[in-house]
Amino acid sequence: MSIVGALIEITNGKIKKSNLGVLTAASDRGNNEVYALVFEDADSRFNTLEQYGATRIVRISSSKADLMKSPDLIARAIIKTMEEYGIMSLIGLSSPIGKDLLSRIASRMNKPLIQDCISVDLTKKTVIKSHFSGKTTAEVKIESDYFISGIRPNAIEPAKSPGKAEIISFDALVDGPVGVRIKEIKQSDSNRLDLTEANIIISGGRPVGSEKNFSILNECASKLGAAVGASRSAVDAGFALHGMQVGQTGKTVSPKLYIACGISGAVQHYAGMKTSKIIVAINTDKDAPILGKCDYGIIGDLFEIVPAITEALK
Amino acid sequence: MKIFVCVKHVPDTAANIKIIDGSNFDDNVKFVVNPYDEYAIEQAVQIKKEKGVEVIIVTLGTDQALATIRSALAMGADRGIHIKTDMLITDAMTTGLALKNIIQKEGGADLVITGKQSVDTEGMQIQYRLALGLGMPVVTDAVSMMLDNGLATVECERGNGEIAVMELDMPCLIGATKGLNEPRYPKLPDILKAKRKPVKEIALTELVPQLPVDKTVIMSFSLIPEKGQANIIEGTPVEAASRFVELLEEEALI
Ligand SMILES: Cc1cc2nc3c(=O)[nH]c(=O)nc-3n(C[C@H](O)[C@H](O)[C@H](O)COP(=O)(O)OP(=O)(O)OC[C@H]3O[C@@H](n4cnc5c(N)ncnc54)[C@H](O)[C@@H]3O)c2cc1C
Ligand SMILES: Nc1ncnc2c1ncn2[C@@H]1O[C@H](COP(=O)(O)O)[C@@H](O)[C@H]1O
């Protein structure tokens, strides 16, 4: 039994669902003592952490600085916490915030780090991660006394492992000055579901034709509880925001269900979504490349099929 | 002002990767400038136009990586530094150290720009290791940046449609992503001119005589099997749609 730190992200008082998979990985079927590291107040949610295997919950703050002012302060506070409790294994999420913190922590400690893992083996100190834009996986061994890794959101299914966790508060006593500061967080579209977090994604390609036409996908998405993505052609044409792009130069996603509407299935797009559990393509061309590498296909016009699906969901 | 841009030579994402002996790959494929690094180069070249600065490309890679340095020079950078190695893949700890050592050897940087990640190893961390080594603040996933009065104001994409506006003391390091700019396509005269721009060579073994003890080791690669031919859901749009929804219910997806 060893001690494993699980980096927990809390946004607006909520723990991300994909973060629970981090606890599952850290606990390794109850083989480890799991220290859930939280750096924002979220008392009401602590029982969720217990449900998924946390044995201790460390609330990290600093009486000398507001940690939320800089990711460097948070990273330093986490390193202090690791030192305090003898944590030599740390697992977090390779989400935008998680991957940033993990990289800051590992660089500062001058220890190896592997991001975006699909699975981790804490005993063997190995991980599986994607390589070559999702064309291969690599089994990678971490040769170090430390084991620091980030997990691809949704790659590890959270498993319940209820127990009782002791809650400790830790004053990391870190302070400034810091060379990098958060000035403002801008929410360009707060109702939008995070692509990398979503269980279901419905994406549109070039044939969607306009920003306005994307509403067809938005409506279907709200019925499905899905996030909306786009191909690069759709983004470059100005139909969709940069942040919605799936693929090699966009987001890498692995939802349970990916619905590609009017997307040809170019390698660069496929690279970003091929690890989705089920891929469905809606395409007018029965010979479109994507139909040669997905689970289900509907041959037809997205402008007819997508509204029909929305209707069928009512 | 001296801007260093770190650029990696990587297999084209459209290339067919063949695994050799479990943990190597056949490098007989097309290699290109790491796509994210193109945004870094473009940004540096745009800053150069405004303020008259020197833009230096640094690449750690095999002999073939010179092609990537030339491509970057064709986009408008002034000179290149090629850190040479025989290894097709170098560990992140080593790469970070090599890039740090060369920048220090060259007298330091006022600004370093990298891509947000390499598309071959998908490491997502060199920018942080390098910044730490140089004692610079760092952010990544930059979609806009403004330099003014010793401060960099950078908008970073954070998913969820969220943008974090970050302020950094300069010198600093910024990791670029799509959205920062539109990388230019060099024209023939630029490509020809790039051939005459100076590229310094230095061996990795000279720059980092002692490789870090802590490291990661690739044990094996496996191809991710692509899904096969789709099962076609037949019928009129309405029929197909309702069959599809039934299927989602069966798979407990809704
Ligand atoms: C370095 C590099 C990086 C790249 N990165 C990315 C990336 O991150 N993400 C990405 O997506 N692409 C990326 N690309 C671009 C990629 O190669 C393709 O050009 C792009 O994915 C094509 O977009 P599309 O499928 O929407 O459009 P198209 O290729 O035009 O395909 C449209 C598809 O829709 C079908 N169709 C047409 N009308 C309808 C209709 N009414 N209803 C249903 N189906 C219809 C067609 O049969 C066709 O299959 C990259 C390219 C390069 C070179
Ligand atoms: N071998 C290399 N030579 C030069 N720059 C590199 C090299 N490897 C990584 N980089 C830079 O670091 C960024 C992040 O890389 P990575 O951590 O490998 O995902 C890349 O986008 C490049 O800008």
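Which element of chain B gives the most to the shell around ligand 2? In this predicted model, the answer is strand β6(B), which contributes 3 residues to that shell. It is joined there by other elements of chain B, since β6 (54-61), α3 (92-105), β8 (111-115) and α4 (126-134) each supply at least two residues of the shell.

The surroundings of ligand 2 consist of 20 residues, and the closest of them are Cys6(B), Asp37(B), Ser118(B), Met124(B) and Gln125(B). Sorted by class, the shell around ligand 2 holds 7 nonpolar, 11 polar and 2 charged residues. Several of the closest residues can be followed down to individual atoms, beginning with Asp37(B), which places a polar side-chain atom 2.6 Å from an oxygen atom of ligand 2. Cys6(B) approaches through its backbone, where an N or O atom lies 2.7 Å from an oxygen atom of ligand 2, and Gln125(B) likewise has a polar backbone atom 2.8 Å from an oxygen atom of the ligand. On its own, ligand 2 has 480 Å² of accessible area, and the protein covers 98% of it.

Turning to chain A, the reader finds ligand 1 with 26 residues around it, of which Ser231(A), Thr249(A), Ser264(A), Gln268(A) and His269(A) come nearest. The shell around ligand 1 comprises 7 nonpolar, 15 polar and 4 charged residues. One oxygen contact of ligand 1 involves Arg206(A), whose polar side-chain atom lies 2.8 Å from an oxygen atom of the ligand, while a polar backbone atom of Ser264(A) is 2.7 Å from an oxygen atom of ligand 1. A nitrogen atom of ligand 1 is also involved, at 3.3 Å from a polar backbone atom of Thr284(A). Taken alone, ligand 1 exposes 980 Å², and the protein buries 75% of that area. The elements giving two or more residues to the shell around ligand 1 are α6 (232-236), α7 (267-273) and β16 (278-283) of chain A.

A last feature lies on the surface of chain B, where Leu188(B), Ile191(B) and Leu192(B) form a nonpolar patch with about 270 Å² of accessible area together. Leu192(B) belongs to helix α5 of chain B, which spans residues 188-195. Why can Leu192(B) count as part of such a patch? Leu192(B) has a relative accessible area of 42% and is therefore partly exposed, and patches are made of residues with over 30% relative accessible area.

Terms used. Residues numbered from 1 in each chain as written. Chains lettered and ligands numbered in written order. Predicted model: local features only at pLDDT ≥ 70, side-chain atom pairs only at ≥ 80, totals over all residues. Heavy atoms only, no water. Near = heavy atom within 4 Å. Polar contact = N/O pair within 3.5 Å; in protein donor to acceptor, adjacent residues only side chain to side chain. Areas by Shrake-Rupley, 256 points an atom, 1.4 Å probe, with all protein chains shown as cover. Helix = DSSP H or I, 4+ residues; strand = E, 2+ residues; numbered from the N terminus. Nonpolar A, V, L, I, M, F, W, Y, C, P; charged D, E, K, R; others polar. Patch = residues over 30% accessible without salt bridge, like charges linked within 9 Å, V, L, I, M, F, W, Y side chains within 5 Å. Salt bridge = Lys/Arg side-chain N within 4 Å of Asp/Glu carboxyl O. Buried < 20%, exposed > 50% of the residue type's maximum accessible area, 1.4 Å probe, protein only.
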